[in-house]
Each structure stands twice: as structure tokens, then as C-alpha cells.
Amino acid sequence: MKDFNFYAPTEVVFGANSEEKVASLIKHYGGHKVLVHYGGQSAVKSGLLDKVCGLLSDGGVEAVKLGGVVPNPRLSKVKEGIEICRKEGIDFILAVGGGSVIDSAKAIAYGVPYEGDVWDFYVGKAQAEVCLPVACVLTIPAAGSEMSEASVITNEDGDVKLGYSNNISRPKFAIMNPCRTFTLPPYQTAAGVTDIMMHTMERYFNPDCDMTITDEIAEALMRTMKECVFAVLKNPEDYRNRAQIMWAGSLAHNDVTGDRGNGDWATHQIEHELSGLFDVTHGAGLAAVWPSWARYVYKENVSRFVRFAVNVMGVPNDFTDPEGTALKGIEAMERFYHAIGMPINIHELIGREVTDEEIKEMVRKCSRNYTITQGKFKALKPEDIEAIYRIAK
């Protein structure tokens with residue numbers, strides 16, 4: 001077993017009506033004047049935003065609102081939030097929404113005390129040493145940002161989508177009420193489960209496969225998600241299974257299912273260029289890319305793919321043909337994606353074939369102008385990344 005550090009400081013307040021505690025939690029963590037950051041539709045239509053703001057007011061916490069976060073959150077909105085926080089004397093940021101809103105909130109938190117351009121952190125020019133405290137009322141289980149150190153932002157100037165990770169931005173608390181996920185559309189529900197599973201798969205397919213207990217946890221989480229997603233697609237108000245999905249989203253990205261720093265993450269990086277260029281749903285983009293990545297790299301460690309096929313996808317183990325078993329596991333995952341309404345290639349994702357010019361541009365961005373590789377299960381050079389895009393097209 002490799003040496004590792006495990007750090008998950010976020011306080012989780014889970015259950016029906018858990019948002020009732022929002023004001024007392026903010027005051028407990030030192031907040032007095034809060035930026036309430038949210039998206040554009042669901043938090044308003046559901047009444048959650050008004051309820052949260054009312055609870056803050058009743059609890060003696062002053063609030064300023066900033067909405068308009070979109071999927072693949074934009075740098076321009078982050079900079080708007082930074083200016084508001086500075087002008088209003090904000091000392092705490094509360095995200096009400098899913099991963100995009102939380103990621104945007106983290107970026108704002110980095111930028112408020114920083115004298116330079118917040119984008120510096122995402123391009124590697126600087127490291128954040130301080131940030132405003134962040135917390136969230138989670139409405140979309142998927143990204144796991146509510147317990148992670150990660151934030152992904154899209155810069156509209158060039159459609160560049162980059163991530164930045166720093167433990168100082170881990171949320172102080174995360175309020176999780178599964179009832180708030182009842183109104184999620186089927187596509188968004190399926191994309192969320194895909195993202196949850198992929199966060200675990202990125203850790204599972206790593207070059208050091210000697211964490212038996214962690215593997216068992218990861219496999220159990222993925223099997224559970226496969227079962228729960230069909231239940232909630234059939235009955236959106238299935239509290240029990242909605243709750244499993246919501247908690248799994250956090251566990252999949254707080255490093256319980258594996259050390260993020262030792263994971264592969266090539267599928268995520270390859271997908272980031274798809275969502276940056278075509279503004280697609282992140283989970284759907286992951287489903288469109290993963291089968292092609294898997295077929296390209298599985299021979300690096302066939303036994304790992306065999307274990308995945310057998311223990312997660314339920315494929316019978318043909319001991320005489322390990323490669324055949326591994327490939328059947330990939331095929332089983334494709335069938336699962338289709339069964340929940342997810343694409344398995346780029347054509348299904350965007351409705352057309354991606355062009356050669358678009359592939360070359362995504363390869364350039366993914367490889368940071370041909371200067372880096374992606375992935376640890378197999379280190380992917382620019383030509384490997386291009387090959388995967390072409391397999392997936």
C-alpha cells in the first residue's frame with residue numbers, strides 16, 4: 001500500500017430540511033455578510049433561493065445575491081463576483097446549486113484577496129495562499145465539488161477550460177437535502193451519475209493497484225450507482241435512492257475511493273476540451289470519451305480492466321481470455337450508458353462528426369500546446385490524445 005494523505009474537512013449536514021441550519025452554520029464558521037451564488041433557473045423556480053435568503057435574514061446574516069452561473073462556469077462571472085465581494089465587504093460565499101456554482105464560488109473566493117488576475121491560478125502562474133471561506137447548499141449531485149479541493153472554470157477568451165486544486169477552498173460545510181434533487185431532469189440525473197462514477201473510475205484506473213480496501217469501496221460505490229440511477233429515472237421522488245446518489249457524489253470526489261493525485265484523469269482532461277469547445281454537459285462528455293480511452297489503454301494493465309468488468313459490470317470471468325473479458329466490460333459500460341440515455345461517442349454527443357480542425361485544436365489545448373502528457377494509467381502524448389478523439393468521433 002502506498003503512503004498517502006487523506007484530508008476531508010468539510011462538515012456535511014445531510015437530510016430533509018437540512019437547509020434550515022444554514023444561518024447558524026455560517027455564523028459558526030465566522031461569516032457575517034454572505035455572497036449567495038447561484039445559477040439561473042432551478043434554485044429560483046423551486047423556491048430554494050428565497051428560502052435560503054429568508055433563513056439567512058432571520059438568522060441575522062446579511063446577504064448579497066449573484067446569479068447567472070451556467071454549466072461550464074465562466075471566468076467573466078467569477079470576475080463579476082470578485083468585484084461585488086470587494087465592493088460589498090463580503091466575508092463568506094455560499095453556493096446554492098451544483099458543481100458549476102460551487103466551482104465558480106471557489107474561484108471568486110480565490111480572487112477576492114488576490115491582487116492579480118484570478119486566472120493566474122488556473123494557468124499555473126500563481127498559487128493561492130488565502131481565500132474567502134466557501135460553503136454550499138447542494139442541489140445537483142454530480143461534480144463532488146462540495147467536498148473537494150477542485151474548481152474548473154472556462155475562460156471565454158479562447159474557450160479554454162482549466163482546473164485548479166487547492167485545499168484552502170474546500171467548503172466549510174455542505175448542506176445536502178435529497179428532496180432538492182427530485183426535480184432534476186432525467187438527462188441531468190444520468191449525466192450526474194456518470195460524473196460520479198467517473199470520479200471513482202479515474203482513481204480506480206491508476207498505475208498502483210495495491211489498495212485492496214479502497215478498491216472494494218470504489219467497486220461498491222459504482223455498483224450502487226448503477227442500481228440507483230434506474231430507480232430514480234423511474235421514480236424521480238424516490239428519496240432512498242436519491243439520497244444514495246447524493247452521498248455517493250461526495251464520496252467519489254473526497255478521496256475515499258482513491259487518492260486523486262494518483263489517479264489517471266485523462267478522460268476528464270480530454271472531455272474538458274469537448275465541453276470547452278461545444279459547451280456540452282460534462283457527464284455526457286465523459287460517457288462519450290471513456291469507451292474510446294479504455295479501448296486505447298486497456299492493454300497497459302489488462303487485469304485491472306478484467307477486475308472492473310467482473311466486479312463492477314457483472315461480466316463472467318473467462319480465465320482463458322483475459323483480454324476478451326476486459327473488452328466485454330467496456331462493452332457492458334457502453335450498454336449501461338445507452339440504457340440511461342448517455343452517448344458513447346462524440347457524434348452522439350454533439351449530433352455530428354467532429355472535424356479534423358476541431359480535433360487538432362482540442363489536442364493542442366489538451367496537451368498545452370504540445371508540451372505535456374495526460375494520464376497516469378498510460379501517459380498520453382499529443383498523438384495518443386488525437387488517436388482517442390478520432391476513435392471517439
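## The second largest pocket

Let's start with a pocket: 23 residues line the second largest one, and Phe4, Met211, Thr214, Gly258 and Asp259 lie nearest its centre. Helix H7 (186–204) and helix H8 (212–234) are the elements that give two or more residues to this lining; helices here are DSSP runs of H or I with at least four residues, strands are runs of E with at least two, and both are numbered from the N terminus. On a 1 Å grid over the protein atoms alone, a pocket is an open set of points where a 1.4 Å probe fits, with protein on both sides within 12 Å along at least five of seven lines, and lining residues have an atom within 4 Å of a point.

H8 provides the largest share of the lining, 3 residues.

## About the model

This is a predicted model, in which local features need pLDDT of at least 70, side-chain atom pairs count only at pLDDT 80 or more, and totals for chains, interfaces and linings use all residues. Residues are numbered from 1 along each chain as its sequence is written, and side-chain values use heavy atoms, leaving out hydrogens and water.

## Strand E2 and its partners

How many residues of strand E2 (residues 33–38) are buried? The count is 6 of the 6, so E2 is largely enclosed by the rest of the structure; buried means under 20% relative accessible area with a 1.4 Å probe, protein chains only. Lys33, Leu35 and His37 cover one side, with Val34, Val36 and Tyr38 on the other.

E2 pairs with strand E3 (residues 62–66) in the parallel sense over 5 bridges, and pairing takes at least two DSSP bridges. Here histidine 37 stands opposite leucine 66. E2 also runs parallel to strand E4 (residues 92–97), joined by 5 bridges, with valine 34 opposite phenylalanine 92.

Conventions:
Buried < 20%, exposed > 50% of the residue type's maximum accessible area, 1.4 Å probe, protein only.
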